[in-house]
Amino acid sequence: YKGEQADEQTLMLVEECWRELEGAAVKRCCFREYPLIFSDAGAMDLGCFQATSQALSKNLMGCRAVVLFAATLGVLVDSLIRRYSRLEMSRAVVLQAAAAAMLEDYCDQVNEELRRDYEKKGLYLRPRFSPGYGDFSLECQPALLGALEAGKRVGITLTDGFLMAPSKSV
């Protein structure tokens with residue numbers, strides 16, 4: 001709506017979708033800390049895999065460790081969106097957007113808890129940075145999710161094209 005007020009019907013649809021998502025979402029996350037070592041060649045050793053990314057390197061400059069993190073809303077959200085994609089496309093579109101917002105809110109909440117915990121240790125967190133941002137390759141995702149044991153711990157897997165399943169996962 002780009003700064004304009006949505007009509008009453010649309011607002012009702014958004015609220016209904018949000019309530020439906022709250023009933024379907026099974027929010028889960030996992031995280032682990034690993035040492036970080038920068039090499040002379042510009043590569044980074046993140047303890048469990050190596051990566052070369054100028055953007056990530058810039059984000060992590062001065063750090064000595066990384067916190068790997070994965071989060072998901074679970075498979076029921078995907079099922080809900082798929083069902084409405086066949087029945088009511090307008091609702092499916094709103095569910096997609098609302099689920100993305102819900103996942104981002106959840107990640108912000110978990111990151112805030114981590115930030116407080118690390119500040120107690122005299123440390124601070126840099127902004128989240130995911131594979132696919134800038135020059136940080138999606139091809140790092142198998143190693144990252146493997147290091148987290150994300151499949152076993154929270155049910156996140158990857159397709160052959162490096163897309164996460166459930167789709168509302170980070």
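Buried here means under 20% relative accessible area. The model on screen is a predicted one, and this tour moves through it by selection.

**Whole chain**

Begin with everything shown as a cartoon. The protein has 6 helices and 7 strands. In sequence order the elements run α-β-β-β-β-α-β-α-α-α-α-β-β. The C-alpha trace spans about 55 × 35 × 30 Å along its principal axes. Colour by burial next: of the 170 residues, 37% are buried. Among contacts with a separation of 6 or more, 68% are between residues 24 or more positions apart.

**Helix α5**

Select 141–148, which is α5. Which of its residues are buried? They are Gln 141, Leu 144, Leu 145, Ala 147 and Leu 148. Those residues lie on the same side of α5, because the arc they cover around the axis is only 155°. As background, an α-helix has 3.6 residues a turn, so residues three or four places apart point the same way.

Now add the surroundings of that side. The cover over the buried residues of α5 includes β1 (28–35), β5, α6 (150–154), β6 (157–158) and β7 (164–165).

**The end of α5 and two positive phi values**

Step to Glu 149, which follows α5 and sits in the loop between α5 and α6. Its phi is near 55°, a positive value in a residue other than glycine. Glu 149 is partly exposed, with a relative accessible area of 29%; that value is not under 20%, so Glu 149 does not count as buried.

Go on to Phe 162, in the loop between β6 and β7. Phe 162 also has a positive phi, near 70°, and is a residue other than glycine. Its relative accessible area is 24%, which makes Phe 162 partly exposed.

A little further along is Pro 166, in the segment after β7. Show the backbone atoms here: the peptide bond from Ala 165 to Pro 166 is cis, with omega near 0°.

**Strands β1 and β5**

Select 28–35 for β1 and 65–72 for β5. How do β1 and β5 pair? They run in the antiparallel sense, over 8 bridges. To see one of these bridges, pick Glu 33, whose partner in β5 is Val 67. β5 is mostly covered, with 6 of its 8 residues buried. As shown above, β5 is also part of what covers the buried residues of α5.

**The largest pocket**

Keep β5 in view and turn on a surface. In general terms, rolling a probe the size of a water molecule over the atoms shows where empty space is left. The largest pocket has a volume of about 920 Å³. Four elements give two or more residues to its lining: α2 (54–60), β5 (65–72), α4 (89–120) and α5 (141–148). Which of them gives the most? β5 does, with 6 residues.

To find the middle of the largest pocket, select Leu 60, Val 66, Val 67, Leu 68 and Pro 127, which lie nearest its centre among the 39 lining residues. Val 67 is also the bridge partner of Glu 33. Colour the lining by class to see 28 nonpolar, 7 polar and 4 charged residues.

**Helix α2 and Ser 57**

From the pocket, move to α2 and pick Ser 57, which is found in this helix. Is Ser 57 buried or exposed? Ser 57 is buried, because its relative accessible area of 12% is under 20%. Leaving aside neighbours within four places in sequence, Ser 57 is in contact with Phe 38 and Met 44. Draw a C-alpha to C-alpha distance from Ser 57 to Met 44: it is 7.4 Å, for residues 13 apart in sequence.

**The three-stranded sheet**

Met 44 leads to the last stop. Select β2 (37–38) and β4 (50–52), together with β3 (43–45). These 3 strands form an open sheet in the order β2-β3-β4, with antiparallel pairing. Which strands are at the edges? They are β2 and β4, each of which pairs on one side only. Between β3 and β4 there are 3 bridges. To check the register by eye, display Ala 43, which stands opposite Thr 52 in β4.

How values were computed
Residues are numbered from 1 along each chain as its sequence is written. This is a predicted model: local features need pLDDT of at least 70, side-chain atom pairs count only at pLDDT 80 or more; totals for chains, interfaces and linings use all residues. Side-chain values use heavy atoms; hydrogens and water are left out. On a 1 Å grid over the protein atoms alone, a cavity is a set of points where a 1.4 Å probe fits but cannot get out, and a pocket is an open set with protein on both sides within 12 Å along at least five of seven lines; lining residues have an atom within 4 Å of a point. Grid points are joined across faces, edges and corners, and a volume is the space filled by probe spheres set on the points. Ala, Val, Leu, Ile, Met, Phe, Trp, Tyr, Cys and Pro count as nonpolar, Asp, Glu, Lys and Arg as charged, and the others, Gly among them, as polar. Two strands pair if DSSP finds at least two bridges between them. Buried means under 20% relative accessible area, exposed over 50%, partly exposed in between (1.4 Å probe, protein chains only). The arc is that of the directions from the helix axis to the C-beta atoms. Contact means heavy atoms within 4.5 Å.
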